[in-house]
Amino acid sequence: MSIYFDNNATTRVDSEVVRAMLPFLTDQFGNPSSMHDVGAAAGAAMKRARQQLQALIGATFDHEIIFTSGGTESNNTAILSALEVMPGRTEIVTSAVEHPAVLALCGYLEKTRGIKVHRIPVDQHGRIDIDAYRTALTHHVAIVSIMWANNETGTIFPVVRLSEMAKKVGAIFHTDAVQAVGKLPIDLKSTAIDMLSLSGHKFHGPKGVGALFIRSGVPFHALFKGGHQQRDRRAGTENTPGIVGLGKAAELALECMDEENRRVRSLRDHLEKGLLARIPNTFVNGDLLARLPNTTNVSFEGIGGEAVQFLLNRKGIACSFGSACTSGSSLQSHVLEAMKIAPTAALGAVRFSFSRFNREEDVDQVLQVIPGIVKKLQDSFPAAVR
């Protein structure tokens, strides 16, 4: 039986989520916009899902949530909207370690529209340079887009503080919270955050559905043009089964938050301590004090993380080498590069990300097999090991 430690890439859909979705794939198939009882049932289910998400992220109103196809669409929508509704402001502030869903768009806007992008550096622990951030904030900035937690290292950014700083220059503040939602307590009512992106498949919901929180009163320009769905903010017939699943996943995530921050964290710590004790020239990347409870990024000095992942996979253990969204590239992780991790360590980095479906015996199995894997690789390339 396989062991799955790649939950930052995607998660297993909870069986309760599947049960909640099934009726909307069969009997309750109505269009939420239709003016009859079949459509009304779908519409009511969407309303319930909004309320479930509202509770998870601490939004003031359920109508502050629009459903999207996932994190990438939400991120793109937030950034492109801000550039439209903030005339005369032609700059974006982001970090050097954002997900490609943000960095790729920013690079495209630089090349095609002449938008100035400030990529704020991070230190060796992946923590944002506050002084550089403060310097980049001017009245030319349309939007700040800073992730809540990094997908590779788990490092948590102080987005509440960063949003307050952005407000002083009148910029819209957006956070890509795809990795944070469902893992960390969030109360948007008590923050200055204007927009927040999330994706259902990161917390045991279905793939292909997510949401964008838009604070009431924040100006917004829709990305899609068409019908009047979702208060004219996102045209197109809604993915009702997916949305229902997203709502149920949000409800379960809120119920399991204590477990996420206690039992799941203890599993991660057990793995880290075991690896560091058993394998020389091994260390953990990221901020060890402000980090997601489910994530560890471990470097095995002088060997390839891709090879470690490959050999673990042959043992039935799934983990990741860098981010799933950049897999297949032999280049060093842009996150670890920004952290100035030495190439011999960065190329040996492996990410293990946990969920509530993992058990202690899963960790014990990894600790049993990985020392032999690392030794085999070190023996194959002894000159690379320092």
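Which residues make a nonpolar surface patch of about 260 Å²?

## A patch on the surface

In this predicted model, the answer is a set of three named residues, V18, L22 and L25, which together make a nonpolar surface patch with an area of about 260 Å². One of these residues, L25, has its place in the loop that runs between helix α1 (15–21) and helix α2 (37–57).

L25 counts as exposed because its relative accessibility is 55%, and the cut-off for that class is a relative accessible area over 50%.

## The largest pocket

Turning from the surface patch to the open spaces, the largest pocket holds about 290 Å³ of space. Ten residues line the largest pocket, and those that lie nearest its centre are S2, Y4, R12, F357 and N358. By character, the lining of the largest pocket is made up of four nonpolar residues, four polar residues and two charged residues.

## The enclosed cavity

The structure also holds one cavity that reaches 30 Å³ or more, and the space inside the largest cavity comes to about 90 Å³. The lining of the largest cavity is formed by 14 residues, with K183, K202, F203, H204 and E260 lying nearest the centre.

When the residues that line the largest cavity are divided by character, six are polar, four are nonpolar and four are charged.

Definitions and conventions: Residues numbered from 1 in each chain as written. Predicted model: local features only at pLDDT ≥ 70, side-chain atom pairs only at ≥ 80, totals over all residues. Heavy atoms only, no water. Patch = residues over 30% accessible without salt bridge, like charges linked within 9 Å, V, L, I, M, F, W, Y side chains within 5 Å. Areas by Shrake-Rupley, 256 points an atom, 1.4 Å probe, with all protein chains shown as cover. Salt bridge = Lys/Arg side-chain N within 4 Å of Asp/Glu carboxyl O. Helix = DSSP H or I, 4+ residues; strand = E, 2+ residues; numbered from the N terminus. Buried < 20%, exposed > 50% of the residue type's maximum accessible area, 1.4 Å probe, protein only. 1 Å grid on protein atoms, 1.4 Å probe; cavity = no way out; pocket = protein on both sides within 12 Å on 5 of 7 lines; lining within 4 Å. Points joined across faces, edges and corners; volume = space filled by probe spheres on them. Nonpolar A, V, L, I, M, F, W, Y, C, P; charged D, E, K, R; others polar.
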